[in-house]
Amino acid sequence: MNVGGHVVSLEGRRILIVGASSGIGRATALAAARAGARVAIAARRLDRLQQVAGEAGEAVWPVQCDVRVPVACELVARAVEQQLGGLDTLVYATAINHLVLLAETDIDTWRDLLETNLVGAALVTRATLPALVSAGGRVAFLSSDSVARPFPGLGAYAASKAGLETLTAAWRAEVSEVTFTRVVVGPTLTGMADGWDPDLAATMFEWWHSIGYLDREPVEPEWVAQRMVRWMAAEDPPEELDLLAESIAERRGSSG
């Protein structure tokens with residue numbers, strides 16, 4: 001696979017991508033398969049995973065998993081290890097968001113966000129940890145630039161991603177045999193906003209524009225996927241991967 005003018009190979013790598021039914025996870029799974037990896041893809045929606053596998057071919061293997069259920073995380077870890085013969089890389093790309101003001105965020109919404117974006121990451125990592133330690137592997141947790149600058153209406157989402165960043169640091173402190181990488185992702189053209197209330201979304205976009213929050217050009221999921229493949233292939237993968245800064249630097253370079 002050609003990334004930034006360099007041929008990148010993942011031949012022989014065994015990869016699990018959680019949250020691969022759409023968006024960045026889907027694009028990363030397809031890119032990793034094209035680079036030669038054997039890829040297990042997990043998410044709640046098996047039909048969408050099967051579509052991804054059908055597009056990628058035999059190198060991609062779908063397995064259903066609800067990250068909010070501990071036993072499901074344990075079962076997917078066992079199934080992946082049996083299917084792939086081990087595990088070198090875990091990418092946690094699962095995420096949901098809800099457009100809602102903090103003053104109106106109820107307990108069910110908090111639970112949904114935290115169980116999916118934070119607790120699920122901990123459960124999947126715990127389940128796959130023995131295989132990752134055995135391989136001296138690596139884990140990528142996809143965070144968000146909104147941690148540093150929460151958008152009004154997306155404060156609960158940003159808080160869940162802030163927790164994910166702390167989780168990343170905690171795993172590093174406790175498990176030295178595995179590389180844990182925080183990936184900062186900026187605005188990306190995915191379908192995460194599809195379920196938003198259109199009237200509230202229109203109001204919030206006006207608000208964000210008025211306070212200068214819409215100052216960053218979004219990237220395509222495939223652009224993020226290429227950078228993730230580069231991280232997977234790196235002999236010494238970084239613990240911090242700021243894709244927002246990279247996209248800004250690229251645009252400045254191309255414009256000037």
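In which helix does Asp47 lie? Asp47 lies in helix H2, where helices (H or I, at least four residues) and strands (E, at least two) are DSSP runs numbered from the N terminus. With a relative accessible area of 49%, Asp47 is partly exposed; buried means under 20% relative accessible area, exposed over 50%, and partly exposed in between (1.4 Å probe, protein chains only). From C-alpha to C-alpha, Asp47 and Val224 are 24 Å apart in space, and 177 residues apart in sequence.

Before we go on, a word about the model. This is a predicted model, in which local features need pLDDT of at least 70 and side-chain atom pairs count only at pLDDT 80 or more, while totals for chains, interfaces and linings use all residues. Residues are numbered from 1 along each chain as its sequence is written, and side-chain values use heavy atoms, with hydrogens and water left out.

## The sheet

Let us begin with the strands. An open sheet of 7 strands runs in the order S5-S4-S3-S6-S7-S8-S9, with parallel pairing. Its edge strands are S5 (60-64) and S9 (240-242), each of which pairs on one side only. Neighbouring strands of this sheet are turned by 20° against each other on average, direction ignored. Such angles run from 0 to 180 degrees between N-to-C directions, and the axes are lines fitted to C-alpha atoms, for helices over the stretch in contact.

Strands of a sheet pair through backbone hydrogen bonds, either parallel or antiparallel. Here, two strands pair if DSSP finds at least two bridges between them. The table gives three of the pairings, each with a pair of residues that face each other.

| Strand pair | Sense and bridges | Facing residues |
|---|---|---|
| S3 and S4 | parallel, 5 bridges | Arg14 and Arg38 |
| S3 and S6 | parallel, 4 bridges | Ile17 and Val91 |
| S6 and S7 | parallel, 4 bridges | Val91 and Ala140 |

Val91 of S6 therefore stands opposite Ile17 and also has Ala140 in S7 as its bridge partner. Another residue, Thr89, stands opposite Arg138 in S7.

## Inside the strands

How many of the 6 residues of S4 are buried? The count is 5, so S4 is largely enclosed by the rest of the structure. S7 is mostly covered too, with 7 of its 7 residues buried. From S7, Arg138, Ala140, Leu142 and Ser144 point one way, while Val139, Phe141 and Ser143 point the other way. In S6, Thr89 and Val91 point one way and Leu90 and Tyr92 the other, and all are buried.

Leu16 has its place in strand S3 and counts as buried, at 0% relative accessibility. Leaving aside neighbours within four places in sequence, Leu16 is in contact (heavy atoms within 4.5 Å) with Ala40, Ala42, Val80, Leu87, Thr89, Leu90, Val91 and Thr128. The C-alpha atoms of Leu16 and Pro62 are separated by 9.9 Å, and these residues are 46 apart along the chain.

## The helices

Helix H2 (residues 46-56), the home of Asp47, packs on the sheet and touches S4 (38-43) and S5. The direction of H2 makes about 175° with that of S5. Helix H4 (residues 107-135) lies across S3, S6, S7 (138-144) and S8 (179-185), running at about 175° to S6.

Gly25 belongs to helix H1 (residues 23-34). Is Gly25 buried or exposed? Gly25 is buried, with a relative accessible area of 2%. Not counting residues up to four places away in sequence, Gly25 touches Ile17, Gly19, Ala20 and Ala93. Gly25 and Gln226 are 201 residues apart along the chain, and their C-alpha atoms are separated by 12 Å.

## The cavity

The structure holds 1 cavity of 30 Å³ or more, and the largest cavity has a volume of about 40 Å³. A cavity is a set of points, on a 1 Å grid over the protein atoms alone, where a 1.4 Å probe fits but cannot get out; lining residues have an atom within 4 Å of a point. Among the lining residues are Val185, Glu217, Trp223 and Leu244. Helix H7 (221-233) and helix H8 (243-255) are the elements that give two or more residues to this lining, and H8 gives the most, with 3 residues.

How values were computed
1 Å grid on protein atoms, 1.4 Å probe; cavity = no way out; pocket = protein on both sides within 12 Å on 5 of 7 lines; lining within 4 Å. Points joined across faces, edges and corners; volume = space filled by probe spheres on them.
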